[in-house]
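Subject: Structure handover

Hello,

Here is the structure I promised to pass on. Please open it first, then read my notes on salt bridges and pockets below.

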Amino acid sequence: MIILKPRTRIGHAGATIVEVLVAIALTGIFMPVLATALVAAHAGRASSIQQLQAQSLLKEASEAVRSIREKGWTNVATDGTYHAVPGASDWSLASGPETINGFTRQIVISTPQRNAADTIVASGGTNDPSTKHVVITVSWTKPTSGSLSTDAYLSRWQANAVWSQTTQADFTGDTLTNTCATNTCDTNTAFLTDSAYLQDSPATWQLPSVFGGYNLSTNTTGNDIFVATISGVPYAFLGYATGLAILNISNPASPTLTGTYTTTAAVNGVFVSGTTAYLATSITNGQLVTVNVANPAAPALLKNFQITDTNNVAATAVYVSGTTAVVTKKKVGKALLFNTYGEINTVNVSNPAAPSLSDSINVGSDCNNVWVNGTTAYIGTSVTNAQLNIVNIATPTNITSSATVNLGANTASVVINSATSTAYIATANNTSTGEVRIYHLNSATSLTSQGSYEVGGNATGLGLDTGNPDYLAVTSGVAGRQLMILNVTSPTAPTLVNNITLSNTGNTVRIYGSYAYVGDADNAKEMTVVYSGYRPSGTIESSSFDPGANVGYNYFTFTGTAPAGTTLQFQIAANNVGSGWSYVGPDGTASTYYTSSGKIPLSLVSNRYFRYKAYLTTTNGQVSPKIDDVEVNYSP
């Protein structure tokens, strides 16, 4: 009998064992992978959480830094490594990094550099103290190392402010060297107020030029000029062959005729006191004419006063001091009964409408001009060996000749500078010495010769620049030097500053402000106006601006004009001590200048005190560069 064995069962059991073994083997293979996957998944979840936490810490630090900056630039001005510390209501920086729940957070502040193109560069540039590079980093080491960071640039632009100079008061607080603020320095109305420019008054006469003039329709000669103001308006009173012309010289470049007073003979001398014009004339019955000029457009006769003599000779000059007019005349004769009517006369003009003769002195020759200094009259004469006659007029009704001086030639003009006790005398051509003589007044009657200047011909008139008495104007008939400007700073050695050529002989000259008004023997222009010209160069050094603490200076701005032939440029300086200024241009060196507005060089940005220096030049005697305003922008 055949008995079958259960092979199938045996075979199934073997298969099961194999499957188990295979399963065990597979488990050994996949379990580490699964475990690793599970660990990686868990680690990834932790890293993501850390990144989120790090981002939060990074954002918090960024906001803290901005808040700290907004409180003031000084809070972030110092380079270094910091961390933010919260306060009750704000943040502050503390030195070094910080650790927060396994995270390390730090704020690194550094100063960036900029190149010449103002671009931030890694190296080789110049530190920019008004910009800070801020790098904030948050890092961790577990379960794995990682970090997040952000960087930004902070600038000192917040709460910007401006220091400016825009008014006359601003500029006059500066150090003005040969420069001036507002048009009060000059009668030239072309310049506006609240500006600064090269000064011309007191004039230096370094760049004079014929600036204008006036031509009377009568084709005559300007004999004498007197400049005075009536109701605040400047006028030139011009005496000529048949009258007096009153010219408005508010604009010296273009005088305008305001009024005229017509006479029957020449007006040889003019003096204005108050609202009365006193005219020394050739009128036979009116050698002294008084005219009311309160209304320059309608001058009115007050009196034709005859200073009696047998020949009724012409009066040559007049000078009014108080209520006394001293009138000089040509040589006079002798009247009947041996009464002598003199060439030197005092006239009581306490009432200009009713003058009366006080006294006379006869010197026997022409008296040509007069200047009164105190109670002494200095009379230029044609008397041989006594061309200067010094007369005591302390008592106008009893005048006496105190002394005479031999000048060697007829005297044409005398001018006294009472402040320096100096007498300037012009004479006719003099072979022994110069035609311009300078004397020191030791006393009213004692003179000491100091120096002279050779004109080269007849000196006809003198005008002292009272604004700057270092300068004396001289008229003459010498070709090419009808008007001369002398520097008389050293009375013993006067020097020529400039010759001004006029069309004909200069007869007389008056200086008013920055202009010389010349009476000409020129029928086409009886009065010539000569402009002193601006100083060729000058500076304005500002006062120090002090904002009270170190600031960041950003931008320098100015507005002004520089006409052809002129220049206007600036340099600036800044420091933390308020003294020892070193001026530089836009590139930070002393060899460059601002010719237009521009940035503050980085070397000057971070400072407390600030100044500027303006440099003005001209080669044109009629124009000047002008500054309207200056300002500097800064950040606290």
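Asp-128 and Arg-114 form a salt bridge, with their closest N and O atoms 2.6 Å apart. The pair joins distant parts of the chain. Asp-128 sits in the loop between strand 7 (126–127) and strand 8 (131–140). Arg-114 belongs to strand 5 (residues 113–114), and 14 residues separate the two. Asp-128 has a relative accessible area of 5%, so it counts as buried. Arg-114 is buried too, at 16%. Bear in mind that this is a predicted model.

In total, the structure holds 10 salt bridges. Another one pairs the side chains of Lys-599 and Asp-118, at 2.5 Å from N to O. These partners lie 481 residues apart. Lys-599 is in strand 45 (residues 598–599). Asp-118 is in the loop between strand 5 and strand 6 (120–121). Lys-599 is partly exposed, with 48% relative accessibility. Asp-118 is also partly exposed, at 30%.

Asp-628 and Lys-626 make a further salt bridge, 2.6 Å from N to O. Here the burial is mixed. Asp-628 is partly exposed at 23%, whereas Lys-626 is buried at 9%. Separately, Glu-60, Glu-98 and Arg-105 are joined into one network by salt bridges that share partners.

Now the pockets. The largest has a volume of about 1,200 Å³. It is lined by 48 residues, and those closest to its centre are Asp-224, Asn-369, Ser-413, Thr-508 and Arg-510. Which strand gives the most to this lining? Strand 31 does, with 7 residues. Several strands each supply at least two residues, among them strand 15 (224–230), strand 27 (367–373), strand 31 (411–417) and strand 39 (506–512). By type, the lining of the largest pocket has 21 nonpolar, 23 polar and 4 charged residues.

The second largest pocket holds about 540 Å³ of space. It has 24 lining residues. Closest to its centre are Asp-118, Lys-599, Ile-600, Pro-601 and Leu-602. Asp-118 and Lys-599 are the salt-bridge partners described above. Strand 43 (551–561) and helix 3 (602–605) each give two or more residues to the lining of this pocket. That lining divides into 9 nonpolar, 9 polar and 6 charged residues.

A good place to start is the pair Lys-599 and Asp-118, which form a salt bridge and are among the residues closest to the centre of the second largest pocket.

Best wishes

Technical notes:
Residues numbered from 1 in each chain as written. Predicted model: local features only at pLDDT ≥ 70, side-chain atom pairs only at ≥ 80, totals over all residues. Heavy atoms only, no water. 1 Å grid on protein atoms, 1.4 Å probe; cavity = no way out; pocket = protein on both sides within 12 Å on 5 of 7 lines; lining within 4 Å. Points joined across faces, edges and corners; volume = space filled by probe spheres on them. Helix = DSSP H or I, 4+ residues; strand = E, 2+ residues; numbered from the N terminus. Nonpolar A, V, L, I, M, F, W, Y, C, P; charged D, E, K, R; others polar. Salt bridge = Lys/Arg side-chain N within 4 Å of Asp/Glu carboxyl O. Buried < 20%, exposed > 50% of the residue type's maximum accessible area, 1.4 Å probe, protein only.
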